[in-house]
Amino acid sequence: MTAPATYPSLHGRTALVTGAAGGIGRAICAALSAQGVTVYASDRTLPEAQSGCIPLVLDVTDPEDWAAAMARISQEAGKLDVVVNNAGIYAPASLEAETAEGFDRIMKINQFGTFWGMKAALPLLSEGASIVNLSSIGGMVGYGGTFGYAGAKWSVRGMTRSAARELAPRKIRVNTVCPGVIDTPMFYENDPAQLDAFLETVPLGGLGKPEDIANAVLFLASDQAAYVTGSDILVDGGLIA
């Protein structure tokens with residue numbers, strides 16, 4: 001078994017992770033905490049406590065929630081070094097089947113939530129800070145049946161690149177991680193009849209693990225990625241190679 005990578009530069013830093021209650025978000029919180037990071041683990045409902053993590057209720061679509069969260073972090077920690085905008089929903093639907101309500105909901109959480117995660121955190125971000133936004137392979141290529149989700153995840157990549165240029169003078173880096181098919185409840189929202197066929201297209205085979213995404217986030221958050229900004233890190237087993 002390969003020993004996990006260590007990032008000494010992360011020790012003692014403070015991070016905020018959204019969508020921390022389960023799946024990828026929970027794995028990211030655990031990975032950051034294991035590196036000595038104080039992690040504010042946020043979700044709409046109070047996330048289950050994890051070692052080294054501070055549970056925080058936060059609805060990413062609510063500007064007032066963001067203001068309250070930043071006020072608390074400012075008072076308790078004084079600054080933020082890492083922001084991971086992970087909160088998101090899938091809710092697959094085709095252009096024909098998508099509704100106004102469904103499209104609005106997915107954009108509010110996946111796109112607007114990421115916008116607020118960057119904007120609200122700015123006053124607390126220190127020089128050398130890292131923002132990691134979760135996009136998707138669905139934000140890299142077109143897939144039928146994921147119209148709203150794809151639109152939001154493409155937008156996340158666009159916002160990330162714009163922010164990377166704007167914040168570079170402050171030495172704040174902004175990147176995306178783009179997961180492929182990962183073993184979380186989100187994957188099983190796809191048509192059950194298509195799951196096996198979908199997995200057969202992954203060159204490395206099978207589903208990725210939430211920890212695979214967390215490892216990419218660790219790298220981008222650390223000083224080892226000091227010259228990486230405006231980039232997309234694909235973690236997809238070669239699916240769109």
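**View 1. The largest pocket of this predicted model holds about 1200 Å³ of space.** Look for Gly-88, Ile-89, Tyr-90, Tyr-149 and Met-186: of the 48 residues that line the pocket, these are the closest to its centre. Several elements give two or more residues to the lining, namely α1, β2, α3 (100–121), α4 (147–167) and α5 (195–199).

**View 2. Here is the chemical make-up of the lining of the largest pocket.** The lining residues divide into 21 nonpolar, 20 polar and 7 charged.

**View 3. An open sheet of 7 strands, with parallel pairing.** Follow the strands across in the order β3-β2-β1-β4-β5-β6-β7. At the edges you will find β3 (53–57) and β7 (232–235), each of which pairs on one side only. From one strand to the next, the twist averages 20°.

**View 4. Strands β2 and β3 run parallel and are joined by 5 bridges.** Strand β2 spans residues 38–43. To find your way around, start at Val-39, whose bridge partner in β3 is Cys-53.

**View 5. Helix α1 packs on the sheet.** This helix covers residues 23–34 and touches β1 (14–17), β2, β3, β4 (80–85), β5 (125–134) and β6 (173–179). The direction of α1 makes about 175° with that of β1. You have met α1 before, among the elements that give two or more residues to the lining of the largest pocket.

**View 6. Helix α6 also packs on the sheet.** Residues 210–221 form this helix, which touches β4, β5, β6 and the edge strand β7. The direction of α6 makes about 165° with that of β6.

Notes: Residues are numbered from 1 along each chain as its sequence is written. This is a predicted model: local features need pLDDT of at least 70, side-chain atom pairs count only at pLDDT 80 or more; totals for chains, interfaces and linings use all residues. Side-chain values use heavy atoms; hydrogens and water are left out. Two strands pair if DSSP finds at least two bridges between them. Helices (H or I, at least four residues) and strands (E, at least two) are DSSP runs, numbered from the N terminus. Axes are lines fitted to C-alpha atoms, for helices over the stretch in contact, and angles run from 0 to 180 degrees between N-to-C directions. Contact means heavy atoms within 4.5 Å. On a 1 Å grid over the protein atoms alone, a cavity is a set of points where a 1.4 Å probe fits but cannot get out, and a pocket is an open set with protein on both sides within 12 Å along at least five of seven lines; lining residues have an atom within 4 Å of a point. Grid points are joined across faces, edges and corners, and a volume is the space filled by probe spheres set on the points. Ala, Val, Leu, Ile, Met, Phe, Trp, Tyr, Cys and Pro count as nonpolar, Asp, Glu, Lys and Arg as charged, and the others, Gly among them, as polar.
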